[in-house]
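Work through these exercises with the sequence and the structure side by side. Try each task before you read its solution.

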Amino acid sequence: MILLDHAATTPVARAALEAMWPYLTGEFGNPSSTHAFGDRAARALQDARRDVAGLFGGRPSEVTFTASGTEAINTAVKGIVLASTRGRHVVTTAVEHEATLASLDHLRRRHGVEVEVVGVDSAGRVDPDEIGRALRPETALVTVMAANNEIGTIQDTRAIGDACRAVGVPLHVDAVQAAGWLPVDRDALGADAISISGHKLGAPKGVGALWTRGRLPVEALVHGGGQERGRRSGTENVAFAVALAAAVRELRPEDRDRRATEVAAARDAFVDAVGDLPIRFTGSETHRLPSIASFVAPGRSGESILLDLEERGVVVSSGSACAAGRDEPSHVLLACGVDPAEALTAVRLSFGHDSTRADALGAAAALRDVLG
Ligand code: PLP
């Protein structure tokens, strides 16, 4: 079986599994307990927070552990807007993940927030100047993804951050897909808040993290015992926080860059091997994740291509895992100007850290068989 759907989720890395095991077994203390068991759990949580903060180039006190990337994004988007004294206007892009779009829709419906959606070019890139022009005195937040989950397009969040900083507007970056492949520290992204998800980078499903700069006010969504500095109450998931930290430690820049180069070469081998088939690649040729190859196959059905590939031992997806099973065209492809009928023919291959050139060529051969 060739599995090329790592943008949906990744296997748990051995390092993450081994790091969290003690906190699921003998070391099961509650970090709020004052006895030795609690102390050891609190220390493990503290160490995990320090390592995750390192990924963002921030301080441990600026990191909030959450139960998913979705929760981190909800906390950032709703929490920053609801705590803002600037006003009730938010700027985003047309290609964001549902976690962002649904959070903004909630703010619009229940809190009267005006949401301004900036379009993208045919490669899925937003013009930072256009974001800059959308900013107003009452803009409470700009929220933009670092890299898109369906087409892999990378945004110039640093330029967007410069525009935001010039007028004092905070920028939140959804770095869920970028984190395994690109630098996601606050300076590289130009961000004031950054969300990541564990299961996209070798930690288990059910853990995420939000970094927010210094004293940026963030309204809590979950109230209770005041854990996570009051930002997210509930007894902390020590084991998963420890696993996330272990996965993050695997992202040392030299390892990350080497893997990104190798995986990009494998992905490009796939692209070269299917270049003459009646398909059209989507996304940006120059600004894209090393791990993603996405295309449309005009006149075919994306779902049937997936089934035919799976019969041949190749597992891929039609785009976002969250949108799979719906027969609506992807909002990302529509925003790129893809015809709605063509958007329904979308296929996404997403490579993982351990995917190889042999996987890429195997997938290419299967696709030739299916479309040939
Ligand atoms: N943002 C992006 C870009 C994603 O790709 C995903 C998951 O696919 C999420 C947010 C949500 O993360 P989680 O699955 O941890 O809720």
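## Exercise 1: the nonpolar cores

Find the largest nonpolar core and the residues with the most contacts inside it.

Solution. This is a predicted model. The largest nonpolar core has 97 residues. Those with the most contacts inside it are Val52, Val142, Leu244, Phe270, Leu349 and Leu367. Next, look for the main contributor: helix α8 (residues 238-249) gives the most to this core, with 11 residues. Then turn to another core, which lies apart from the largest one. This other core has 18 residues, including Ile73, Leu104, Leu141 and Leu210.

## Exercise 2: around Val142

List residues that Val142 touches, leaving out those up to four places away in sequence.

Solution. Start with Val91. Go on to Ile131 and Leu135. Add Ile160 and Cys164. Finish with the run Val169, Pro170, Leu171 and His172.

## Exercise 3: the ligand shell

Describe the residues around the ligand, by class and by element.

Solution. Sort by class: the shell has three nonpolar, eight polar and two charged residues. Now sort by element: helix α3 (residues 69-83) gives the most, with three residues. Of the 13 residues around the ligand, Gly69, Thr70, Asp174, Ser197 and Lys200 come nearest.

## Exercise 4: polar contacts and cover

Which ligand atoms lie 2.8 Å, 2.6 Å and 2.9 Å from polar side-chain atoms?

Solution. Take Asp174: a polar side-chain atom lies 2.8 Å from a ligand nitrogen. For Ser197, the partner is a ligand oxygen, at 2.6 Å. An N or O atom in the His199 side chain is 2.9 Å from an oxygen atom of the ligand. Finally, check the cover: on its own the ligand has 390 Å² of accessible area, and the protein covers 91% of that.

Conventions. Residues numbered from 1 in each chain as written. Predicted model: local features only at pLDDT ≥ 70, side-chain atom pairs only at ≥ 80, totals over all residues. Heavy atoms only, no water. Near = heavy atom within 4 Å. Polar contact = N/O pair within 3.5 Å; in protein donor to acceptor, adjacent residues only side chain to side chain. Areas by Shrake-Rupley, 256 points an atom, 1.4 Å probe, with all protein chains shown as cover. Helix = DSSP H or I, 4+ residues; strand = E, 2+ residues; numbered from the N terminus. Nonpolar A, V, L, I, M, F, W, Y, C, P; charged D, E, K, R; others polar. Core = buried A, V, L, I, M, F, W, Y, C linked by side-chain atoms within 4.5 Å. Buried < 20%, exposed > 50% of the residue type's maximum accessible area, 1.4 Å probe, protein only. Contact = heavy atoms within 4.5 Å.
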